[in-house]
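The exercises that follow ask you to read contacts and strand pairings from a structure. Please look through the sequence and the structure before working on each task.

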Amino acid sequence: MKNRVKNILLIEDDKRLREVLHQELEERDFVVQSFAQLPDLNRVATPDGVLLDLRIGNDNGLDFIKQISAKFPSARVIMMSGFGSVASAVKSMQLGAENFLAKPVTPEMIVRAFADDESPVAADTEEAEISLARMEREYIDYVLNSSNGNITQAAKKLGLHRQSLQRKLRKNIPNK
């Protein structure tokens, strides 16, 4: 699997994931610049590839794709998200991303996504099939986290009654 991408710009707000991906990609001989928020592109060394999270704090990675493409037209952009939908994957491709990876991502998935072969990344069937219940729970956790753990505020954002949200949170987290 040949890879012309050597310099990667990694934009991921989750500190642990960012640090792990940074280290793992460097161990695979990539030069990685990583940021927790959208960087000033004038201060970034020219990347061959960009690994961009869909949600970066309160920012939307989709809005940043055009800026990246304008500043670094030859950079290959890969979007990733734990809350991705088909609509956001399609939108990211329309804006210039080459691929869309559903979290959890592994370094191997990223290397395959940046590989020169023309076929899109084919994730293992088990990785690709995430149940609706799992996606719902991950989104609820995201909204709850963005509400600083305030269940009432999260329920309003989700359009649920507070008690309904509490019942959903009491359920076990689906494995798939």
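**Exercise 1: a pair of charged side chains**

Task: find the partner of Glu24 and classify the accessibility of both residues.

Solution: Glu24 forms a salt bridge with Arg28, and their closest N and O atoms are 2.8 Å apart; a salt bridge here is a side-chain nitrogen of Lys or Arg within 4 Å of a carboxyl oxygen of Asp or Glu. Next, Glu24 counts as partly exposed because its relative accessibility is 26%, and Arg28 counts as partly exposed because its relative accessibility is 27%. The classes are buried for under 20% relative accessible area, exposed for over 50%, and partly exposed in between, with a 1.4 Å probe and protein chains only.

This is a predicted model, in which local features need pLDDT of at least 70 and side-chain atom pairs count only at pLDDT 80 or more, while totals for chains, interfaces and linings use all residues. Residues are numbered from 1 along each chain as its sequence is written, and side-chain values use heavy atoms, with hydrogens and water left out.

**Exercise 2: a link across the chain**

Task: describe the salt bridge of Asp53 and Lys103, and place both residues in the chain.

Solution: The side chains of Asp53 and Lys103 meet in a salt bridge at 3.2 Å from N to O. This pair links distant parts of the chain, since Asp53 lies in strand β3 (residues 49-53) and Lys103 in the loop between β7 (99-102) and α4 (107-114), 50 residues apart. Helices (H or I, at least four residues) and strands (E, at least two) are DSSP runs, numbered from the N terminus. Both Asp53 and Lys103 are buried, and salt bridges that share partners join Glu12, Asp53 and Lys103 into one network. A search of the whole structure finds seven salt bridges.

**Exercise 3: two strands and a helix**

Task: state how β1 and β2 run, and follow the chain from β1 to β2.

Solution: Strand β1 (residues 7-11) and strand β2 (residues 31-35) run parallel and are joined by five bridges, where pairing requires that DSSP finds at least two bridges between the strands. Across this pairing, Leu10 stands opposite Ser34 in β2. From β1 the chain passes through helix α1 (residues 15-27) to β2, in a β-α-β crossover that is right-handed, meaning that, with the strands pointing away from the viewer, the path from the first strand over the helix to the second runs clockwise.
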